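Work through the exercises below with the sequence and the model open. Each task is followed by a solution in steps.

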Amino acid sequence: MATVDLYSTFTHELARLQLQPNQQIVVALGGGVDSQTVLDLTDRFRREHPEFRYLAIHLDHAFHPKSGAWAEFLASDCERRQFPYHIEPLNIVQGARESLEELGRDARYSRMAELTEADAVILLGQHRSDQIETFFLQLKRGAGPKGLSAMAFIAPFVGQRRLCRPLLGVSKSELYAYGESFGVQWIEDDTNYDTRIERNFLRHDIVPRLKSRWPAIEQTVLRSTQLCAEQHALLSELLDTVLNGIMQGQVLDLTGWTTRSVPMQKALLRRWFELNEARMPSAAVLAELIQQLQRLPQGKVGVRWGQWQVQRVKRSLHLSCN
């Protein structure tokens, strides 16, 4: 197997972050070849750049019976490298009609924010295949430009923290080749082959068929995600100019609301929710809210989704979370 070195790709992506001395660089560990490759590349970067502070974090929500052994493996690997690390269990309680995968992801991100410094850069291991799968999952859910933009190379997180996916343009086969070339140790999760899981179904059954018919499909999908991201950024910029005059945090002024087109109303509401970090309502809930608003200035306006709700108070909408 030919040697594959991803270090120049990795350092190129980190250069875009314009890191400052003493800034914290955090590797989010999962144990797979993707995050272990990020750890290895960060370890190499650390030797050249001691001016930054480094930490690897693994949060174990015990979804797999071998998760305890995996945590021990990751601790041993970090100790072998003398790489600072933090490993802890997460307790996930699943309620009715709640996705365990989504709960786990939300809990990991929440705890990651608590464990890292205010301006930390958190390195994630997602790669090109993950990006393609995310695009198709969002397409299945009927997502718009924001959802179809899938994952960004660099994304804002909590506070001044940022998420960075330095290997997002790298294929899974290149990750394996790098791991073999540089002696990276990783864990193969047997549940990754369970095609009852939607992402695995795409990975093993759908994407290979698409690639056999259209070999360049990964690159063209990536181009589509980038175009969707650009469209979402442009739309957000235009909407913000309108919201600056009618929005005060979780309060939205409804003066002149019915003179706006329905597509504009929907876009303004979505952007308002996004700026307030609210979970986005379903299309049905948003349609119900729009329908209620058409009755202004008469009638009651109020919808709820999950812990979030919107209610009309005189000539304004109020967003709240219980």
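UniProt positions are given in the numbering used here, feature names are shortened, and annotations may be inferred rather than shown by experiment. This is a predicted model, in which local features need pLDDT of at least 70 and side-chain atom pairs count only at pLDDT 80 or more, while totals for chains, interfaces and linings use all residues. Residues are numbered from 1 along each chain as its sequence is written, and side-chain values use heavy atoms, with hydrogens and water left out.

**Exercise 1. An annotated domain**

Task: State which feature UniProt places at residues 252–318, and describe the chain over that range.

Solution.
Step 1. The UniProt record, an unreviewed entry, gives residues 252–318 the feature "domain: tRNA(Ile)-lysidine synthase substrate-binding".
Step 2. Helix makes up 37% of residues 252–318 and strand 22%. Helices (H or I, at least four residues) and strands (E, at least two) are DSSP runs, numbered from the N terminus.
Step 3. The C-alpha atoms at the two ends of this range are 7 Å apart.

**Exercise 2. Two helices and a salt bridge**

Task: Find the angle at which H9 and H10 pack, and find what the pair Asp240 and Arg271 ties together.

Solution.
Step 1. Two packed helices are described by the angle between their axes and the distance between the axes. Axes are lines fitted to C-alpha atoms, for helices over the stretch in contact, and angles run from 0 to 180 degrees between N-to-C directions.
Step 2. For H9 and H10 the angle is about 90° and the axes are 10 Å apart. The two helices are therefore roughly perpendicular (under 35 degrees counts as roughly parallel, over 145 as roughly antiparallel, 65 to 115 as roughly perpendicular and the rest as oblique).
Step 3. Contact (heavy atoms within 4.5 Å) involves His232, Ser236, Leu239, Asp240, Val242 and Leu243 of H9, and Met264, Ala267, Leu268, Arg271, Trp272, Glu274 and Leu275 of H10.
Step 4. Sorted by class, this contact of H9 with H10 has eight nonpolar, two polar and three charged residues. Ala, Val, Leu, Ile, Met, Phe, Trp, Tyr, Cys and Pro count as nonpolar, Asp, Glu, Lys and Arg as charged, and the others, Gly among them, as polar.
Step 5. Asp240 and Arg271 form a salt bridge, with 2.8 Å between the closest N and O atoms. A salt bridge is a side-chain nitrogen of Lys or Arg within 4 Å of a carboxyl oxygen of Asp or Glu.
Step 6. Asp240 lies in helix H9 (residues 217–246) and Arg271 in helix H10 (residues 262–275), so the pair ties together parts 31 residues apart in sequence. Arg271 is buried at 12% relative accessible area (buried means under 20%, exposed over 50%, partly exposed in between; 1.4 Å probe, protein chains only).

**Exercise 3. Salt bridges in and beyond one helix**

Task: How many salt bridges does the structure hold, and where do Arg81 and Asp77 lie?

Solution.
Step 1. The structure holds 21 salt bridges.
Step 2. One of them joins the side chains of Arg81 and Asp77, at 3.3 Å from N to O. Both residues lie in helix H3 (residues 67–81), four residues apart, about one turn of the helix.
Step 3. Arg81 is buried at 10% relative accessible area, and Asp77 is buried at 2%.
Step 4. Lys211 pairs with Glu218 in a salt bridge whose closest N and O atoms are 3.5 Å apart. Lys211 is partly exposed at 34%, whereas Glu218 is buried at 7%.

**Exercise 4. A second helix pair**

Task: Which residues of H1 meet which residues of H2?

Solution.
Step 1. Helix H1 (residues 7–15) and helix H2 (residues 33–48) pack at about 70°, with axes 10 Å apart. H1 and H2 are therefore roughly perpendicular.
Step 2. From H1, Tyr7, Phe10, Thr11 and Leu14 meet Val38, Leu41, Thr42, Arg44, Phe45 and Glu48 of H2.
Step 3. The contact of H1 with H2 has six nonpolar, two polar and two charged residues.

**Exercise 5. Two strand residues**

Task: Are Ala56 and Glu88 buried or exposed?

Solution.
Step 1. Ala56, in strand E2 (residues 53–60), is buried at 0% relative accessible area.
Step 2. Outside its neighbours within four places in sequence, Ala56 is in contact with Val27, Leu29, Leu39, Cys78, Phe83, Pro84, Tyr85 and His86.
Step 3. Glu88, in strand E3 (residues 85–89), is buried at 14%. Not counting residues up to four places away in sequence, Glu88 touches His58, Leu59, Asp60, Arg111 and Leu115.
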